[in-house]
Amino acid sequence: MRNRDSGPGRRTSLLGLASECALLESLIGDIRGGESRSLVLRGEAGIGKTALLEHLVESASDLTVVRAVGVESEM
């Protein structure tokens with residue numbers, strides 16, 4: 001799923017998730033511009049939610065990121 005480019009200053013790109021990554025980078029730009037934002041990722045297992053979050057955190061290394069995880073209770 002990932003394609004790592006080598007070299008300094010290069011970030012991990014996510015194959016097949018370019019539009020989602022662009023949206024996240026836009027969100028980061030808004031935050032750097034002084035806007036307040038929050039993000040919720042939902043979806044089926046295995047679609048790349050964790051990879052997108054890792055991309056977001058990597059892209060926002062100059063910002064404070066707070067993460068919370070919910071776990072579905074046993075029934």
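Reader: How do the residues of the lining of the largest pocket divide into nonpolar, polar and charged?

Author: In this predicted model, the lining of the largest pocket divides into 15 nonpolar residues, three polar ones and three charged ones. The lining has 21 residues, and those that lie nearest the centre of the pocket are L39, L53, L56, V66 and R67. The space in this pocket comes to about 640 Å³.

Reader: What makes R67 count as charged, and L39 as nonpolar?

Author: The sorting goes by residue type: Arg belongs with Asp, Glu and Lys in the charged group, whereas Leu is listed among the nonpolar types, so R67 counts as charged and L39 as nonpolar.

Reader: Which elements give two or more residues to the lining of the largest pocket?

Author: Those elements are helix 1 (18-32) and helix 2 (49-59), and helix 2 gives the most, with five residues. The protein chain has two helices and two strands, which run in the order β-β-α-α from the N terminus on.

Reader: Why is A60 called buried?

Author: A residue is called buried when its relative accessible area is under 20%. The value for A60 is 4%, and therefore A60 is buried. Buried residues make up 19% of the 75 residues in the protein chain.

Reader: How do you know that A60 and I28 come together, and where in the chain is A60 placed?

Author: A60 is in the segment after helix 2. Although A60 and I28 are 32 residues apart along the chain, their C-alpha atoms are separated by 6.7 Å. Contact requires heavy atoms within 4.5 Å, and, when residues up to four places away in sequence are not counted, A60 touches I28, R32 and V65.

Reader: What makes a set of residues a nonpolar core, and which residues belong to the largest one?

Author: The members must be buried, must be of the nonpolar types allowed for a core, and must be joined through side-chain atoms within 4.5 Å. The largest such core has 10 residues, namely L14, L17, C21, L24, L27, I28, A51, L52, L56 and A60. Helix 1 and helix 2 each supply at least two residues of this core, and helix 1 gives the most, with four.

Reader: Which residues is L24 in contact with, leaving aside its neighbours within four places in sequence?

Author: L24 is in contact with L39, L52 and L56. Of these, L52 and L56 are listed in the largest nonpolar core, while L39 and L56 are among the residues nearest the centre of the largest pocket.

How values were computed: Residues numbered from 1 in each chain as written. Predicted model: local features only at pLDDT ≥ 70, side-chain atom pairs only at ≥ 80, totals over all residues. Heavy atoms only, no water. 1 Å grid on protein atoms, 1.4 Å probe; cavity = no way out; pocket = protein on both sides within 12 Å on 5 of 7 lines; lining within 4 Å. Points joined across faces, edges and corners; volume = space filled by probe spheres on them. Buried < 20%, exposed > 50% of the residue type's maximum accessible area, 1.4 Å probe, protein only.
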